[in-house]
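Good morning, and thank you for coming. I should like to take a few minutes to introduce a structure that is new to most of this group.

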Amino acid sequence: MKKVLLSAVLVLASTFAFAGGYRVSLQGQKALAMGHTGVAVINSSELVFFNPSGLAFLEDKLHISAGVSGVFSNVAYQNTSTGAFAETDSPVGTPFYLYASYQANDWLTFGLGVYTPYGSRVEYEDDWAGSHLVNNIELRAIFVQPTVSFKITDNFSIGGGPIWVTGNVNFNRNLSRTLTDLEGNRSEVTIDASGVTNWGWVASATLKPTEQLTIGATYRSEIILDADDGTAEFENIPNSPLTPFNDTAISASLPLPAEMTVGLSYEFCDKWTFAFDFNRTFWDVYESLDIDFADPNIPDSVNPRNYKNASTYRFGLQFDATSQFTLRAGYYFDESPIQPGFFAPETPRNDSNGYTAGLTFNVNSRLQIDASFLYLHFKEVDASYDSYFENGQAVPFEGSYKNNAFIPGLGVSYRM
């Protein structure tokens with residue numbers, strides 16, 4: 001039974017792995033409609049996120065952008081050997097953003113952004129085949145970023161600022177594949193950590209060699225969220241000294257990796273703009289995850305994750321159709337950071353293709369309505385999670401996964 005206890009603890013620790021592989025790229029309706037390109041597109045205060053230095057080249061004295069997206073996602077799992085099947089019924093996610101920029105003079109611009117680059121909600125039916133790994137999970141992280149942008153010359157600027165992050169996580173799973181109380185209820189645990197905060201920073205540069213060509217680069221630092229006041233609540237535990245699962249405190253660290261983006265935009269034929277972004281996310285910070293249980297009867301654990309760095313290739317096109325309408329379209333390919341043997345059902349993320357479109361409607365000279373739509377298709381994958389152990393023996397959880405997401409978004413922009 002001691003081995004069962006230890007196995008349960010190890011799997012419990014692995015549940016925090018959801019933080020990797022769930023970067024949510026929905027930080028602006030204009031940018032999203034162009035394949036989420038934006039590091040070299042000078043058109044709104046969305047630059048607070050994509051490239052703070054570009055704010056110095058905005059023509060507006062004041063620019064405010066706000067928006068929200070609805071994430072309708074679906075994951076289907078099947079074990080072709082046993083026939084076990086499951087499908088998620090996740091609530092609609094609502095990532096949002098709010099940006100503002102103010103041009104103090106010809107060379108100095110201030111900005112402020114509030115946005116949600118990390119988050120996920122995944123819900124399986126309770127007691128499904130993989131319930132010993134996850135039943136449901138919810139992650140939220142809100143970034144607050146004051147920004148300053150300096151125009152060094154007429155064609156070169158720099159910018160950046162600090163980032164303050166606050167995050168919450170709630171997770172539930174069964175303790176093992178078979179453990180129940182006397183009534184047959186599956187033994188389970190719920191992990192909760194709220195109000196976890198830390199600081200990071202962002203720095204960027206913009207170069208405009210010609211009126212038509214813009215080149216941009218942005219680096220965002222890694223941020224480690226140390227959850228020192230989390231809780232673990234156990235339910236349906238057998239009344240036995242061999243299963244001493246009492247509610248207790250936990251501590252753990254959740255890494256949000258650094259990322260670098262470089263790109264360009266080019267205006268041609270008066271009304272067209274092409275944009276390309278290359279994004280590199282340094283997921284290798286996710287080497288291992290240590291969980292510290294305050295209850296000394298529950299052993300602490302170290303869990304290797306071995307994520308790899310991953311790249312995203314983004315393409316966008318913008319067309320100024322009329323004085324009232326601007327049309328946009330885009331595509332991107334996003335590599336998964338998850339390596340073979342670590343494909344857990346709380347991070348069902350393979351390589352993906354994103355297809356985007358959208359528009360801006362100019363209500364008048366100051367007010368704009370922005371809309372976008374993203375269809376995200378993940379390649380079907382046969383994969384396994386090999387780090388679950390019972391009685392000292394590895395018990396891989398394997399199967400085929402298919403998933404996709406439909407994400408409409410709506411925003412408004414005000415400028416003067």
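I shall begin with the chain as a whole and then turn to three loop residues.

Please bear in mind that this is a predicted model. The average pLDDT of the protein chain is 89, and 94% of the residues reach a score of at least 70. A stretch to treat separately is residues 1–20, where the pLDDT is below 50. In the model, this stretch nevertheless has 73 contacts beyond its near neighbours in sequence.

Let me turn to the overall architecture. The protein chain contains three helices and 23 strands. Its radius of gyration is 23 Å, and the globule rule gives 22 Å for 416 residues; the two values are close, so the chain is as compact as a globular protein of that length. Along the principal axes, the C-alpha atoms occupy a box of roughly 75 × 40 × 30 Å.

How many of the residues count as buried? The figure is 53% of the 416 residues. As for the contacts with a separation of 6 or more, 68% of them join residues that are 24 or more positions apart. The accessible surface amounts to about 17,400 Å², and carbon and sulfur atoms contribute 56% of that area. The chain carries 24 positive and 45 negative charges, and the mean positions of these two sets lie 8 Å apart.

I now come to the individual residues, starting with backbone geometry. In general, most residues other than glycine have a negative phi. Against that background, Asp127 has a positive phi, near 65°. Where does Asp127 lie? Its place is the loop that links strand 5 (108–123) to strand 6 (136–153). With a relative accessible area of 40%, Asp127 is partly exposed.

Asn391 also shows a positive phi, in this case near 50°. This residue sits in the loop between strand 21 (389–390) and strand 22 (393–394). Its relative accessibility is 47%, and Asn391 therefore counts as partly exposed.

The last residue is Asp89, in the loop between strand 3 (85–87) and strand 4 (96–103). Is Asp89 buried or exposed? Its relative accessible area is 64%; the threshold for exposed is over 50%, so Asp89 is exposed. Along the chain, Asp89 and Ser73 are 16 residues apart, and 8.5 Å separates their C-alpha atoms.

That concludes my overview, and I thank you for your attention.

Conventions. Residues are numbered from 1 along each chain as its sequence is written. This is a predicted model: local features need pLDDT of at least 70, side-chain atom pairs count only at pLDDT 80 or more; totals for chains, interfaces and linings use all residues. Side-chain values use heavy atoms; hydrogens and water are left out. pLDDT is the predictor's confidence in each residue, from 0 to 100. Contact means heavy atoms within 4.5 Å. Helices (H or I, at least four residues) and strands (E, at least two) are DSSP runs, numbered from the N terminus. The radius of gyration is taken over C-alpha atoms; the globule rule is 2.2 Å times the number of residues to the power 0.38. Buried means under 20% relative accessible area, exposed over 50%, partly exposed in between (1.4 Å probe, protein chains only). Accessible areas come from the Shrake-Rupley method with a 1.4 Å probe; for residues, only the protein chains shown count as cover. Lys and Arg count as positive and Asp and Glu as negative; His and the chain ends are not counted. The place of a charge is taken as NZ of Lys, CZ of Arg, CG of Asp or CD of Glu.
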